[in-house]
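Grab a coffee and work through a few short exercises on the model below. Try each task yourself before reading its solution.

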Amino acid sequence: MSTSPRSQNNHPPAFWLFPVGVVLAMGASMLPGQWPLYMVLALSTAVLGLPHGSLDTAVATRYLHLDNPLRMMMFLGGYMLLAALVLGLWWLAPNAALAAFLLYSAVHFGDDVANRLGRIGGVGYGLWIIGLPVALQPTQVTPILEMLGADQAVTIVATGPWVLAMGGLILATSLALRPERSVSDWRDPLLLAVTAALLHPLAYFIAYWCFLHSPRHLEIAARDLGLYGWRERLRAVAPTTLATYALALAAVPFLIGLPSDAVLMRVIFIGLAALTVPHMILELIASPRRSE
Ligand SMILES: CC1=C(/C=C/C(C)=C/C=C/C(C)=C/C=O)C(C)(C)CCC1
Ligand SMILES: [Fe+2]
């Protein structure tokens with residue numbers, strides 16, 4: 001009786017998608033060798049992860065009033081400039097850029113729950129998400145961070161258990177103190193802990209980013225823009241998603257000479273690091289103005 005149709009309908013699609021993603025990621029992490037998993041990562045990033053950021057052009061059109069082509073060009077120019085600054089920082093100081101990326105990703109992931117758990121509770125949630133694979137799979141995370149150009153990966157990874165403990169403590173405290181918490185706010189961190197303990201860190205990342213973070217954000221942002229149907233949503237994200245694929249491909253010639261696994265990791269993760277900064281700044285402007 002407790003699960004009336006109404007309470008079931010209250011769960012957003014990501015509530016169900018995420019456990020499905022965990023099972024799929026489990027399959028991906030059992031594939032032999034590293035390349036099949038890398039390919040699943042590339043494909044799911046392209047198809048499921050990126051589109052939530054691609055909605056940024058539509059979000060900006062509404063909240064930055066991009067009502068003429070000049071304003072749109074200025075927005076796109078500013079967005080690309082911020083991304084280029086991150087790439088420049090990565091070039092000059094890869095260790096600092098990587099450490100900063102892990103931290104601002106935690107803040108960004110915290111936005112998923114901040115409207116219920118508060119800003120600090122959100123940061124705890126984000127630190128928990130980043131800390132889990134780093135603390136539980138250090139020998140698998142270190143070489144990936146090295147592929148991203150960090151020569152201090154061992155030091156960064158050594159902070160994992162502390163980050164995880166701090167995140168866990170903040171998250172548990174805010175879950176206990178905030179009656180607004182939803183089932184998802186404690187179920188997902190527990191499911192993520194199991195996933196991080198059992199799966200390859202990249203499979204863990206696929207489960208979280210492609211099956212929880214991206215669909216959750218996409219649902220909130222799309223509803224806010226009045227986009228309800230699949231067709232409408234696809235139309236809204238397609239041009240920016242395709243442009244991002246082109247940018248990712250354009251980055252490859254700059255990485256020639258690196259091993260091909262490092263090229264793929266850099267395009268995906270340094271690319272995400274670059275796009276997340278303008279994405280977060282836009283969200284900072286848009287999210288307080290959303291009604292939900
Ligand atoms: C590189 C790397 C990691 C971090 C990934 C991050 C931090 C991704 C951030 C993505 C963002 C901010 C997307 C925005 O929507 C893990 C999973 C710790 C372990 C494996 C190697
Ligand atoms: Fe995001």
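**Exercise 1: a histidine**

Task: work out whether H108 is buried, exposed or partly exposed.

Solution: H108 has 18 other C-beta atoms within 10 Å, so it's partly exposed. The cut-offs: with C-beta atoms placed from the backbone, 20 or more others within 10 Å means buried, 12 or fewer means exposed, and anything in between is partly exposed. Next, place H108: helix α7 holds it. Helices here are DSSP runs (H or I, at least four residues; strands are E, at least two), numbered from the N terminus. Finally, pick a partner: M73 is 35 residues from H108 along the chain, and their C-alpha atoms are 25 Å apart.

A word on the ground rules: this is a predicted model, where local features need pLDDT of at least 70 and side-chain atom pairs need pLDDT 80 or more, while totals for chains, interfaces and linings use all residues. Residues count from 1 along each chain as its sequence is written, and chains are lettered from A and ligands numbered from 1 in the order in which they are written.

**Exercise 2: the shell around ligand 1**

Task: find which residues come nearest to ligand 1 and which helix gives the largest share of its shell.

Solution: start with the 17 residues around ligand 1; S105, I144, P201, F205 and T276 come nearest. "Around" means a C-beta atom, placed from the backbone, within 6 Å of the ligand. Then sort by element: α7 (94-110), α8 (114-136), α9 (138-147), α13 (201-224) and α15 (260-286) each give two or more residues. The largest share, five residues, belongs to α13. Last, sort by chemistry: 13 are nonpolar, four polar and no residue is charged. Here Ala, Val, Leu, Ile, Met, Phe, Trp, Tyr, Cys and Pro count as nonpolar, Asp, Glu, Lys and Arg as charged, and the others, Gly among them, as polar.

**Exercise 3: a closer look at α13**

Task: compare the expected span of α13 with the distance between its end C-alpha atoms.

Solution: the expected span is 1.5 Å times one less than the number of residues. For the 24 residues of α13 that gives 34 Å, and the end C-alpha atoms are 33 Å apart, which agrees. Now check burial: 20 of the 24 residues are buried, so α13 is largely enclosed by the rest of the structure. Just after the helix comes G226, with a positive phi near 80 degrees.

**Exercise 4: the whole chain**

Task: say how many helices and strands the chain has.

Solution: count 15 helices and zero strands. For overall dimensions, the C-alpha atoms fill a box of roughly 60 × 50 × 35 Å along the principal axes.
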